[in-house]
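The following account is intended for a reader who meets this structure for the first time. It proceeds from the sheet to the helices, then to particular points of the backbone, and ends with the ligand.

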Amino acid sequence: MSGITIRALSKRPTTSLRPLRAIVAQRSVSGTRLNNKPSLSHHTENSMASALPPPSPPKMSFQDIFAASHGEHQNVWKNFWDKGTYHYWDRGQASPSLVDFLKDHPDLFQPTEKPLTALVPGCGRGHDVNLFADLGMQAYGLELAASATQIAQEFSSTISPPPAPGSRSYITGDFFSNEWLDRLDTKKFDLVYDYTFMVALDPAKGLREQWAERVAALIRPGGILICLEFPLYKAYDLPGPPWAIRSETYIGLLETVGFERVYHVKPTRYLPAGKDSDMISAWRRI
Ligand SMILES: C[S@@+](CC[C@H](N)C(=O)[O-])C[C@H]1O[C@@H](n2cnc3c(N)ncnc32)[C@H](O)[C@@H]1O
């Protein structure tokens, strides 16, 4: 009996050692401490790892930032303005295409006793607002964030005041709300200008149609809407903003709400962003 027992016991270590060795080998590969003794190399590696800065996350594109917001685009715009990161779209000047178009088409506006009123929704730092004011209009720029209007105001204080009767004002508000309009004496404008505003609104949410209705409500009969059409070159399957658009889209949106197109011209001077595809359209409110 005992001989049998001894043989059995003496065999046990031999058979049970093999899996243990395998585990030891496996653990030392994965860097786990063995037999409670701290491994110097492991300790050093850990200290070095904590001393190194964490790997920086991959840079997100402008469009990725909007996509990651799960539809909260207004917050994204506000965030850009709060941080002062408007370099993504700001070009530091009024659009040369608009400057030329206004110079070449003085017939667009009939002489009036009162100064013309102009509105630039999503005006950014206000370059186009300032252009209209310099032409003697009462020009209003609308921006979503208070930080944006403050930046526009600060920029305006660095340039010459507009000649009388021109004036420039920067208002904070959501284009689709009446809250900002209620604060103004002007309820209908002689001129509205759109560049990179409507195409910055998500078309999947029906905002283009809402933009057209809103613009129609904000322009007096006989008044003018000028659109610097952009980005006409962009493929529809690419993410926005800006979302791709075509001249036909403007027709579809604006004729439906009571505009007739009076001009559709190719600018001679244009911003590089348009890749030589921009067009200017002018629409009279019927
Ligand atoms: C692409 S940027 C263009 C700014 C300006 N037009 C320019 O060319 O520099 C679009 C602007 O629209 C503003 N915006 C977006 N949605 C708006 C809304 N619902 N009401 C007013 N402004 C809005 C954003 O804050 C942003 O400054």
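**A guided reading of the model**

The model under discussion is predicted. A convenient place to begin is the sheet. Seven strands make up an open sheet, and they follow one another in the order β3-β2-β1-β4-β5-β7-β6. The pairing within this sheet is mixed. In general, the strands of a sheet pair through backbone hydrogen bonds, in either a parallel or an antiparallel manner.

Which strands stand at the edges of the sheet? These positions belong to β3 (167-172) and β6 (259-265). Each of the two has a single partner strand, so one side of each is left without a neighbour in the sheet. From one strand to the next, the twist averages 20 degrees.

At one of these edges, β6 pairs with strand β7, which covers residues 279-285. The two strands run in the antiparallel sense, and six bridges link them. Within this pairing, His264 has Ser281 of β7 as its bridge partner.

Helix α7, formed by residues 146-156, packs on the sheet, where it touches β2 (138-143) and β3. The direction of α7 makes about 160 degrees with that of β3.

Attention may now turn to a pair of helices. The axis of helix α9 (residues 207-218) and that of helix α10 (residues 247-256) come within 8 Å and cross at roughly 50 degrees. The two helices are therefore oblique to each other, and α9 passes α10 in a right-handed crossing. On the side of α9, the contact is made by Arg208, Glu209 and Ala212; on the side of α10, it is made by Leu253, Leu254 and Thr256. The residues of this contact comprise three nonpolar, one polar and two charged.

Several loops contain notable points of the backbone. The loop between α7 and β3 holds Pro165, and a cis peptide bond with omega of about 5 degrees joins Ala164 to this proline. A further cis peptide bond leads from Pro241 to Pro242, with omega near -5 degrees. Pro242 is placed in the loop between β5 (219-229) and α10. Thr196, in the loop between β4 (189-194) and α9, has a phi near 55 degrees, which is a positive value in a residue other than glycine.

There remains the ligand. How many residues surround the ligand, and which are the closest? The shell consists of 18 residues, and the closest are Trp77, Gly122, Gly124, Leu144 and Phe175. By character, the residues of this shell divide into twelve nonpolar, three polar and three charged.

Note on methods
Residues numbered from 1 in each chain as written. Predicted model: local features only at pLDDT ≥ 70, side-chain atom pairs only at ≥ 80, totals over all residues. Axes fitted to C-alpha atoms, helices over the stretch in contact; angles between N-to-C directions. Helix = DSSP H or I, 4+ residues; strand = E, 2+ residues; numbered from the N terminus. Parallel < 35°, antiparallel > 145°, perpendicular 65-115°, else oblique. Left-handed = near helix turned anticlockwise from the far one by under 90°. Contact = placed C-beta atoms within 7 Å. Nonpolar A, V, L, I, M, F, W, Y, C, P; charged D, E, K, R; others polar. Near = placed C-beta within 6 Å. Pairing = 2+ DSSP bridges.
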